[in-house]
Amino acid sequence: MRRFHEIASERLKLRPPGGMAGWATGLSLVLISCGSREDAASTAPPAARAESAAAATSSPARPLEIPAEMALIPGGRFVMGAGDGFSHEAPPHEVLLEPYFLDLHEVTNAQFAAFVQATGYRTEAERWGWSVVFSPDTDERERAAEAPWWAKVEGADWRHPSGPGSTIDGRESNPVVQVSWHDAEAYCRWAGKRLPTEAEWEFAARGGLEGSPYPWGDDLTPDGRWMANIWQGFFPGESDPKDGHAGLASVGSYSPNGYGLHDMAGNVWEWCADWYGPSYYATSPPKNPQGPPAGEEKVLRGGSFLCSAQYCIGYRVAHRNKATPDSGLDNVGFRCAVSAPQP
Ligand SMILES: [Ca+2]
Ligand SMILES: [Cu+2]
């Protein structure tokens, strides 16, 4: 059963020198069983059908067709992880990836609505009747003991990200939130896609740069410019939205990285396919790693609008986070990948 309880103590051990708390999305939600879902491939959107048809019939002579609103990520070798960050980002290690496609932006409310319209899918938050909402107030709602800015809110779901009375009307281009890993996986499957692996996500976030901490380079704010939708001010009490957004931003509000990808830092955390393993990098296979064979939490990447320099610095390209696959929060979303056809 989905349960709301304290932040997992293991998260609090993930502090880099200097005392920055390795907060996650905040909560550990106990895994629930997730019923099987119908394969909705027949109702896949035209773009996905065209893409899979192209993939099925491609030949070496044919130029690679890039699916709509996706980028071709060339693959190759890169150094994954970081030696100067959180302990689970080490050791930095070389990884080799095959080419793949990745969505240019986080999946939006409009895109998720099309999936729900076509399939009648109900998210885990809708089935359980509640989800987790960022709420720095001090009202009576149930809160995470060690991260009291997270509240359990009845009636919070993807259409009501902050609970009853909140809406996504007029926010069709915002990233969908309050979607669990299972929900994200179901969407990607319907679209003829899949979630990216953690390695694919990090390779893509790096945008072709080597050793830079951010998708755009080495400086957080080059020439004083904010490059991502993150938190400014002292977290969580003070929001000082110098980047122009106090909450979620429409996808693509900030400049893309070297691969044309938007919001690989900030806006929403993004689900990856892999189970999370804190020491996985020590034993990760060098070619196309898929994560540990089993686990309790799935990987989240990229940080969200709640990530700040003085708190979690979650928008670093090497930063790792995780949550149980039934978790839903108002700062967690996803984007999808597709393997590129083999030449
Ligand atoms: Ca993001
Ligand atoms: Cu953060």
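In the predicted model, Gly-258 lies in the loop that connects helix H6 with strand S10 (269-275). Its surroundings hold 15 C-beta neighbours inside 10 Å, and because a residue is called buried at 20 or more such neighbours and exposed at 12 or fewer, Gly-258 counts as partly exposed. Although Gly-258 and Gly-207 are 51 residues apart along the chain, their C-alpha atoms are separated by 4.4 Å. When neighbours within four places in sequence are left aside, the residues in contact with Gly-258 are Gly-207, Gly-208 and Leu-209.

One of these contacts, Gly-207, is also the residue that follows helix H6, and its phi is positive, near 60°. Helix H6 itself spans residues 198-206, and nine of its nine residues are buried, so the helix is largely enclosed by the rest of the structure. The buried set includes the aromatic residues Trp-201 and Phe-203, the alanines Ala-199, Ala-204 and Ala-205, and also Glu-198, Glu-200, Glu-202 and Arg-206.

Turning to the strands, an open sheet of three strands is found in the order S3-S6-S14, and its pairing is antiparallel. Strand S3 (70-73) and strand S14 (337-339) occupy the edges of this sheet, and because each has a single partner strand, one side of each is left without a neighbour in the sheet. From one strand to the next, the twist averages 25°.

Within this sheet, S3 is joined to strand S6 (residues 100-103) by four bridges, the two strands running antiparallel. Two of the facing positions can be named: Met-70 has Asp-103 of S6 as its bridge partner, while Leu-72 stands opposite Phe-101 of S6. The pairing of S6 with S14 is likewise antiparallel and extends over three bridges, with Leu-102 standing opposite Ala-337 in S14. The side chains of S6 are divided between two directions, Tyr-100 and Leu-102 pointing one way and Phe-101 and Asp-103 the other way, and all of these residues are buried. Leu-102, which faces Ala-337 of S14, and Phe-101, which faces Leu-72, thus point in opposite directions from S6.

A further open sheet is formed by three strands in the order S7-S9-S8, again with antiparallel pairing. Here strand S7 (130-134) and strand S8 (143-144) stand at the edges, and since each is paired with a single partner strand, one side of each lacks a neighbour in the sheet. Strand S7 is joined to strand S9 (residues 147-154) by five bridges, and these two strands run antiparallel. Among the paired positions, Val-133 has Ala-151 of S9 as its bridge partner, and Phe-134 stands opposite Trp-150 of S9. Four of the five residues of S7 are buried, so this strand is largely enclosed by the rest of the structure, even though S7 stands at an edge of the sheet and has one side without a neighbouring strand there.

Notes
Residues numbered from 1 in each chain as written. Chains lettered and ligands numbered in written order. Predicted model: local features only at pLDDT ≥ 70, side-chain atom pairs only at ≥ 80, totals over all residues. Pairing = 2+ DSSP bridges. Axes fitted to C-alpha atoms, helices over the stretch in contact; angles between N-to-C directions. Contact = placed C-beta atoms within 7 Å.
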